[in-house]
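Okay, thanks for coming, everyone. I'll put the structure up and then walk you through a few bits of it.

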Amino acid sequence: MRRVNLYTAQPEYDPSDPAGYGNGLTRLGPSIGASKLGGSIYELPAGQSICPYHYEHGDEEWLIVLSGQPTIRHPAGEEQLKPGDTVCFPVGPEGAHKVTNKTRETVRVLMLSTMNLPAVAVYPDSEKIGVFTEGGMDDAIFRRGERVEYYDGEKLARSSRRPRAS
């Protein structure tokens, strides 16, 4: 049996994360052989967030506070959680959320998620939509207002019908 300890796992930091989103991350799924359910431990220093305010189409997420007191922004406002608190972010706009550490103490949370692909995330504050695919080859993030018609850019066959003689 493969295992990871939620309290001793050492999250890795990505130096390319922008200011305000510098967090440590440990992805649990690959370490324990999971394929249907994802889990990540996030470590948030003071003033940092996990990701921008967003919601998912197709995936439910849970947040479990391991240590510290994160502030959760959600559609009805903001709430500060404490260790042991568990919340669900349902599919769709009612599940919109952002996790931020507004304290001086480091925060550690576990995020669990269904792992449906392709996945779609909507970022209401910046009017973006992200599409995420198996292997990442067709991943894309674009502005919500950049819509095109269904046949835009397609080479359309000329009609094989002859015009009627008048």
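**Pocket, strands and two odd spots**

So, let's start with the lining of the largest pocket: β2 (24-27), α1 (29-32), β3 (37-44), β9 (98-100), β10 (107-114), β11 (119-123) and β12 (128-132) each put at least two residues into it. Before I go on, do keep in mind that this is a predicted model.

Which of those elements gives the most to the lining? That's β3, with five residues. The pocket itself, the largest one, has a volume of about 1,400 Å³. It is lined by 44 residues, and R27, S40, Y42, E56 and E61 are the ones closest to its centre. And if you care about the chemistry of that lining, it splits into 19 nonpolar, 13 polar and twelve charged residues.

Now β10, which also helps line that pocket. Is β10 mostly buried or exposed? Well, six of its eight residues are buried, so the rest of the structure largely encloses β10. Let's look at what β10 pairs with. There's β3, running antiparallel to β10 over eight bridges, and if you want a spot to click on, I41 sits opposite L110 of β10. Then there's β5, residues 61-67, also antiparallel to β10, with six bridges joining the two. Here L63 is the residue facing M111 in β10.

Next, a separate bit of sheet. Three strands make an open, antiparallel sheet in the order β7-β6-β9. The edges are β7 (77-80) and β9, each of which pairs on one side only. On average, neighbouring strands in this sheet are turned by 20 degrees against each other, ignoring direction. Zooming in, β6, that's residues 71-74, pairs with β9 over three bridges, and I72 has V99 of β9 as its bridge partner.

Last thing, backbone oddities. As a reminder, most peptide bonds are trans, and most residues other than glycine have a negative phi. So where is the cis bond here? Going from L117 to P118, with omega near 0 degrees. P118 belongs to the loop between β10 and β11.

The other one is E127, which isn't a glycine but has a positive phi, near 55 degrees. You'll find E127 in the loop between β11 and β12. How accessible is E127? Its relative accessibility is 38%, so E127 counts as partly exposed.

Okay, that's my tour. Over to you.

Terms used. Residues are numbered from 1 along each chain as its sequence is written. This is a predicted model: local features need pLDDT of at least 70, side-chain atom pairs count only at pLDDT 80 or more; totals for chains, interfaces and linings use all residues. Side-chain values use heavy atoms; hydrogens and water are left out. On a 1 Å grid over the protein atoms alone, a cavity is a set of points where a 1.4 Å probe fits but cannot get out, and a pocket is an open set with protein on both sides within 12 Å along at least five of seven lines; lining residues have an atom within 4 Å of a point. Grid points are joined across faces, edges and corners, and a volume is the space filled by probe spheres set on the points. Helices (H or I, at least four residues) and strands (E, at least two) are DSSP runs, numbered from the N terminus. Ala, Val, Leu, Ile, Met, Phe, Trp, Tyr, Cys and Pro count as nonpolar, Asp, Glu, Lys and Arg as charged, and the others, Gly among them, as polar. Buried means under 20% relative accessible area, exposed over 50%, partly exposed in between (1.4 Å probe, protein chains only). Two strands pair if DSSP finds at least two bridges between them. Axes are lines fitted to C-alpha atoms, for helices over the stretch in contact, and angles run from 0 to 180 degrees between N-to-C directions.
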